[in-house]
Amino acid sequence: MTDGLIDQSEPLLSNEPSVALATLVAATGSTSKKVGTKMIVGESGRLIGGVTIGGCVDAQVVEAADALLETGGRRVLSISLDDDEAWEIGLTCGGTVDVLIERVNVHDIVDPVAAAHVAARASLARGESAVIATPLDGEPAALVLSEAGARHGTLGDAALDDAAAEIAADVMAGGSRIAPIENAGATRQYFFDRQSPPTTVVIIGAGQIAMSLTRMARELDMRTIVVDGRERYATRERFPDADEIRVGMPSEIVAAIAPTKRVAVVLIAHDYKYELPVLRALLRSPVGYIGMLGSRKRGDAVRALLSEEGFTDEELARIHTPIGLDIGGKSPPEVAVSILGELVAVRSGKRA
Amino acid sequence: MTAFRAIVLEHFRHPRNRGPLDDATASAEGANPLCGDRIRVQVRVIGDTIHDARFTADACAICIAAASVLTAHVRGMPVNDAARVEPRWIHTALEGEPPAGRAKCATLPLDTLRRALAASGGVAP
């Protein structure tokens, strides 16, 4: 699932025998959420997440989900975002959304959808993306394909599973979508739901900005690792929301993490004693994002020093400095918002 | 620019003996708890002699320069002599004393070297 829904849904899932899982499977026009976004509707009336920004569209999904919890099964609900009255006054976004709604027996180990989400979560816990393939109509079935190539479940037979695996490889790179599969003379539509592990944000420097970052990053479905050489700063008391706290030589800690493209490193110690060695450890790694607190002038000076050591212009251009979006903030929480804004922009592909 | 500053910057940009020592016989790590300098000094002691000494550090220029001159100085030196090196030797090597409040930056490598030598069984820290 996405947008932190896994964490949020834990209490719901443990208290509900079955839920309706609503997934945005297709959208045209200007929608506010990504294909794959989910909402969970519990039998008790609980709601987690949302497939649109809200308003009457989500209300229709909840209504359909309530009905489906009674009858069981699955359906695709197509909703027009046009509204005659809103159109008159220019307040409609336009377009359509298709939402797959399916009842999931949460604690039933043979429920293929429940089992698929458990398998996908295991994949995410290993740091691998996963794709869940599921038919849009008919009997429920699900096949999970992990980034490493492992399979869990089935769509019905080996030929179908092989065809789905080919599409999943493309979805892994391009994003969730519907795709048809022809098998035994019939064509059926399937939704390929890509789920990716959360971005890990490695924070170098356990100061006040770091404290704000760890609090806010959790809301954005980002893991945080706080790194500092100073035991008195990098404490659990100061960082109750950090996923990990590591004290030691920051450049060695970063190298041991072996950052992948899903890791962002933010250098906010504002101290060259950490910046230079950590940058040396990062600039030739596949790390997804490198940001450094400081002025443009200071950033240029750091680049000049590293250039003398043989780092290329292309490698040095990976350093985002000044870090964050220019929102004019100065206080630690404001700077944290600016940094997280940039990380969200990178995650969504709006910034390189 | 003062001689001290010029020497510190030269060693910071081109540190001697920086990097891990693969066949070290002893190692110690030290930190300045508030400013955050961190250094590991590794030595290879054979008999009573330091055959090699290297350091790894995420540290400021003064600390790196002190580690650079110190590790170069103690190579080939008897362990007991190395353990008796005083902070003023570092000041002499760097041709000056660190500015106020930065004394520990220069002495951290020396303290850490002494602990590494103690770990090698040579001398008391």
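Reader: Let's start with aromatic pairs. How many does the structure hold over all chains?

Author: Keep in mind that this is a predicted model. Over all chains, the structure holds one aromatic pair.

Reader: Which rings make the pair, and how do I read their arrangement?

Author: Look at two values, the distance between the ring centres and the angle between the planes; planes over 60 degrees apart count as edge-to-face. Here the rings of A:Tyr272 and B:Phe12 have centres 5.5 Å apart and planes at 80°, so the pair is edge-to-face.

Reader: Where do A:Tyr272 and B:Phe12 lie?

Author: A:Tyr272 belongs to helix H8 of chain A and B:Phe12 to helix H1 (residues 3-13) of chain B, so this pair joins two chains.

Reader: Is A:Tyr272 buried or exposed, and what about B:Phe12?

Author: To read this, compare the relative accessible area with two cut-offs: under 20% is buried, over 50% is exposed, and in between is partly exposed. A:Tyr272 has 29% relative accessibility, so it counts as partly exposed. B:Phe12 is at 13%, so it counts as buried.

Reader: Now the wider contact between the chains. How much area do chain A and chain B bury between them?

Author: They bury about 1,500 Å² between them, with 51% of it on carbon and sulfur atoms. In chain A, the residues that lose the most area to chain B are A:Met249, A:Tyr272 and A:Lys273, which together make up 40% of what that side buries. So our aromatic residue A:Tyr272 is one of these three, because it is listed among those losing the most area.

Reader: How many residues does each chain give to the contact?

Author: Chain A gives 20 residues and chain B gives 18 residues.

Reader: How many salt bridges and polar contacts are there between the two chains?

Author: The general idea first: side chains of opposite charge can pair when their charged atoms come close. Between chain A and chain B there are four salt bridges. Seven residue pairs are in polar contact between these chains, with both residues at pLDDT 80 or more.

Reader: Which elements give two or more residues to the side of chain A that touches chain B?

Author: They are helix H7 (250-257), helix H8 (272-282) and helix H9 (296-308) of chain A. The largest share of this side, six residues, comes from H8(A). By class, the side of chain A that touches chain B has nine nonpolar, three polar and eight charged residues.

Reader: Can we look at one residue of chain B? Where is B:Thr56 found, and is B:Thr56 buried or exposed?

Author: B:Thr56 sits in strand S3 (residues 49-58) of chain B. Its relative accessibility is 15%, so B:Thr56 counts as buried.

Reader: Which residues is B:Thr56 in contact with, leaving aside its neighbours within four places in sequence?

Author: In chain A, B:Thr56 is in contact with A:Met249 and A:Glu252. In chain B, the contacts of B:Thr56 are B:Gly19, B:Pro20, B:Arg38, B:Ile39 and B:Arg40.

Reader: With which residue does A:Glu252 form a salt bridge?

Author: A:Glu252 forms a salt bridge with B:Arg40, and the closest N and O atoms are 2.5 Å apart.

Reader: How many salt bridges are there over all chains?

Author: A search of the whole structure finds 27. One of them can be read within chain A, where the side chains of A:Glu147 and A:Arg262 meet at 3.2 Å, N to O. This pair links distant parts of the chain, 115 residues apart. A:Glu147 is in the loop between strand S7 (142-146) and strand S8 (151-154), while A:Arg262 is in the loop between H7 and strand S14 (263-267) of chain A. With a relative accessible area of 36%, A:Glu147 is partly exposed.

Reader: What about B:Asp81 and B:Arg84?

Author: B:Asp81 forms a salt bridge with B:Arg84, with the closest N and O atoms 3.1 Å apart. B:Asp81 is partly exposed at 36% relative accessibility, whereas B:Arg84 is exposed at 56%. Salt bridges can also share partners: in this way A:Glu231, A:Glu252, B:Glu29, B:Arg38 and B:Arg40 are joined into one network.

Conventions:
Residues are numbered from 1 along each chain as its sequence is written. Chains are lettered from A and ligands numbered from 1 in the order in which they are written. This is a predicted model: local features need pLDDT of at least 70, side-chain atom pairs count only at pLDDT 80 or more; totals for chains, interfaces and linings use all residues. Side-chain values use heavy atoms; hydrogens and water are left out. Helices (H or I, at least four residues) and strands (E, at least two) are DSSP runs, numbered from the N terminus. Buried means under 20% relative accessible area, exposed over 50%, partly exposed in between (1.4 Å probe, protein chains only). Contact means heavy atoms within 4.5 Å. Buried area is the accessible area (1.4 Å probe) that two parts lose on being put together, summed over both. A polar contact is a pair of N or O atoms within 3.5 Å; within protein, one must be able to donate a hydrogen and the other to accept it, and residues adjacent in sequence count only if both atoms are side-chain atoms. Ala, Val, Leu, Ile, Met, Phe, Trp, Tyr, Cys and Pro count as nonpolar, Asp, Glu, Lys and Arg as charged, and the others, Gly among them, as polar. Rings of Phe, Tyr and Trp (its six-membered ring) pair if their centres lie within 6.5 Å; planes under 30 degrees apart count as stacked, over 60 as edge-to-face and the rest as tilted.
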